[in-house]
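This report looks at charged pairs, the contact between chains, cysteines and backbone angles. The sequence and the structure come first, and the discussion follows.

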Amino acid sequence: MSAAANRKPFDAGRAAYLALNIVLLAFLLAPIAIVIVFALNPTPFISFPPVGVSLRWFEKFFASSDFMNALWLSLWVAACVLVLSVVIGGACALALARGNLPGRTFLTAFFMSPLMLPAILTGLALFQSYLLAGIGRPIWGLIMAHTLIAVPYVLRTTLAVLHNFDHRIEEAAAALGASPARVFFEVTLPLIQPGVFAGGVFAFIVSFDQFPVSLFLVVPKSETLPVVLYNYMKFDLDGAIAAASMVSILLALSVVLAMERLIGLKAYVKL
Amino acid sequence: MSKTFDGKVVAVDGVTLDIAAGEFFSLLGPSGCGKTTSLRMIAGFEMPDAGRVHVGGQDITDVPVHRRDMGMVFQSYALFPHRTVVQNVAFGLRMRDVPRADIDRRVAAALAQVALTGMEDRRPSQLSGGQQQRVALARALVIEPRVLLCDEPLGALDRKLRQQMQFELKELQRRLGVTLVFVTHDQEEALAMSDRIAVMNRGRVEQVGAPTEIYGRPRTRFVADFIGEINLLEEAGKPRALRPEKIQLVPPAQARLSGTVETANFLGGATLYRVQAGGRIWLARETHAGERSPRSPGDPVGLAWNDADIVTLES
């Protein structure tokens, strides 16, 4: 049989589909590419086209104590938010899915509401409440605010897992002699764990990238990275910003990859 | 040594069952008849609104599920997907703090019993439906339960495998002498496996008895109609029933009733006829040695039966 006879006819639909995907990917990835270009370009101002490759902006970023303090603070806050939102969001999801609570739909909407409210309003509202309550702007206040916004993510992913959960698996464990506590730790928790942790990854990133809420709740000398970057940009617009963005992206990516290694988020991509 | 066992469940709908020790007892009925709820009350997943559950003379109504010492097998198997076959089977023993060495020995024995040796380290998702069912069975049996409860355990298997598992389950139950309460909507399955059957309908028990009794002497119209095929008659204002195999097809001259064949369903070892006679449809089953019976739709045919085979039903 000749090779020509085997050639597939041109498929316009498939070609359009591929083209659309390429355009979408380009749209999503182009900003990252631009950031990489600016981070490596040695000119003192952000400019195009690049004139060379250097690591000077990375050096500047890592050498700056302002940036480093902010980076550590952001990581620390995000880690606390991860733990808190996993515990709170996971418990909420269990209560909502299992508790037979009255007004479940309302409660679910209520817990999800931080997602719907513009973050800048949440920030402002929290700022005023903290002020009224006279607690000022402590770090734990910032952590609480981030947790408020992060909980819906954990709630969402955990509810999705619980939705497909065969309750009979827990009944089987109970029939085999497992007390309610053991059923929870031996069966329920291991089975919903991937959903909870997938939410935890979102929670970490939401906190690490959080700007509008943080803007109201940080105090000078103790600002998170996005706020420091924002303030820096008001006066300097050099490659250090791009380098900082690169570091943020890589950190977020490594958290996702570490989680995936540790507990296998793959099972969850379908969510 | 003799052990008496009396299971008694009184549900809101007034179900009372006495199940003997070592018995294979089936709850049979259409979906929604209350058979699964009854089973779940025995297991302790549901609390009866009224009535008590007794096992071996002891009231266990207020005993929580995990202290009832009952094995449970579900239609969906409900295996732990994150654990291997061995870990699944060992679960109940681990919950009872059985020493490690004993667990290993008993799990191995249980797996051998259900012919799953060699599958120890597989995950449930790597097993076929029949194998998963065997794991579920081994997991429930390894704890040596006082009662084994099965909720449509074979329902998800295809016909051939289901028949094979029916034999295996029955054989296993007899060998271990375990009391087994089996929920099914499949009347053939119930007839084939049970020592006794309770036929349920709308939350009530219609009849309890041995399979031959249930089939041969149905007490109510529902039981007669639900189990196998039957001709429902009305004689002197009383509902009566006659099984298709009790009707003989004879030449019209010797018949009590003559009519014509409407349809003939060849079933392999038998043919089921629908015969139009005396203003109604009669079902008649004629067994034969595998050869297609010569009668075809439209053929004239006579029906004969013995009056002693007619069962009078409760009205």
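Lys35(B) counts as buried, because its relative accessibility is 5% and the cut-off for that class is under 20%. The model is a predicted one, and in it Lys35(B) forms a salt bridge with Glu152(B), the closest N and O atoms being 3.8 Å apart. This pair links distant parts of chain B, since Lys35(B) belongs to helix α1 (residues 35–43) whereas Glu152(B) sits in the loop between β5 (147–151) and α5 (159–176), 117 residues apart. Glu152(B) also counts as buried, at 9% relative accessibility, and with Lys35(B) buried at 5% the salt bridge joins two residues that are each assigned to the buried class.

The backbone of Glu152(B) deserves a separate remark. Most residues other than glycine have a negative phi. Glu152(B), however, has a phi near 45 degrees, a positive value in a residue other than glycine, and this residue lies in the loop between β5 and α5 of chain B. A positive phi is also found at Arg202(B), where the angle is about 50 degrees although the residue is not a glycine. Arg202(B) is located in the loop between β7 (196–201) and β8 (204–209) of chain B. Is Arg202(B) buried or exposed? At 73% relative accessibility, Arg202(B) counts as exposed, whereas Glu152(B), with a relative accessible area of 9%, is buried.

**Salt bridges**

Side chains of opposite charge can pair when their charged atoms come close. Over all chains the count comes to 23 salt bridges, and four of the individual pairs, including one that crosses from chain A to chain B, are set out below with the separation of their N and O atoms.

| Lys or Arg | Asp or Glu | N to O separation |
|---|---|---|
| Arg83(B) | Glu186(A) | 2.9 Å |
| Arg182(A) | Glu186(A) | 3.6 Å |
| Lys35(B) | Glu152(B) | 3.8 Å |
| Arg40(B) | Glu46(B) | 2.7 Å |

In the pair of Glu46(B) and Arg40(B), whose side chains meet at 2.7 Å, N to O, the two partners fall into separate accessibility classes: Glu46(B) is partly exposed, with a relative accessible area of 31%, and Arg40(B) counts as buried at 11% relative accessibility.

Glu186(A) appears in two of the tabulated pairs, with Arg83(B) in one and with Arg182(A) in the other. Within chain A, Glu186(A) and Arg182(A) are separated by about one helical turn, because they are four residues apart in helix α9. Glu186(A) is buried, with a relative accessible area of 14%, while Arg182(A) counts as partly exposed at 29% relative accessibility. These pairings belong to a network of salt bridges in which Arg182(A), Glu186(A), Arg83(B) and Arg94(B) are linked.

**The contact between chain A and chain B**

How many salt bridges are found across the interface of chain A and chain B? Three are found there, and one of the salt bridges between residues of these chains is that of Arg83(B) with Glu186(A), at 2.9 Å between the closest N and O atoms. On the side of chain A that touches chain B, α8 (167–175) and α9 (180–208) each supply at least two residues, and α8(A) gives the most, with seven residues. By class, that side of chain A has eleven nonpolar, two polar and five charged residues.

Taken as a whole, the contact draws 18 residues from chain A and 24 residues from chain B. The two chains bury about 1800 Å² between them, of which 63% is on carbon and sulfur atoms. The count of residue pairs in polar contact between chain A and chain B, with both residues at pLDDT 80 or more, is six.

**Cysteines**

A disulfide is a covalent bond between the sulfur atoms of two cysteines. Over all chains the structure holds zero disulfides. Cys80(A) is in no disulfide, and the nearest cysteine sulfur to it, that of Cys92(A), is 19 Å away. Cys92(A) is likewise in no disulfide, its nearest cysteine sulfur being that of Cys80(A). A disulfide requires the sulfur atoms to lie within 2.5 Å, so the 19 Å between Cys80(A) and Cys92(A) leaves this pair outside the cut-off. Cys80(A) counts as buried at 18% relative accessibility, and Cys92(A) is buried as well, with a relative accessible area of 13%.

Notes. Residues are numbered from 1 along each chain as its sequence is written. Chains are lettered from A and ligands numbered from 1 in the order in which they are written. This is a predicted model: local features need pLDDT of at least 70, side-chain atom pairs count only at pLDDT 80 or more; totals for chains, interfaces and linings use all residues. Side-chain values use heavy atoms; hydrogens and water are left out. Contact means heavy atoms within 4.5 Å. Buried area is the accessible area (1.4 Å probe) that two parts lose on being put together, summed over both. A polar contact is a pair of N or O atoms within 3.5 Å; within protein, one must be able to donate a hydrogen and the other to accept it, and residues adjacent in sequence count only if both atoms are side-chain atoms. Ala, Val, Leu, Ile, Met, Phe, Trp, Tyr, Cys and Pro count as nonpolar, Asp, Glu, Lys and Arg as charged, and the others, Gly among them, as polar. Buried means under 20% relative accessible area, exposed over 50%, partly exposed in between (1.4 Å probe, protein chains only).
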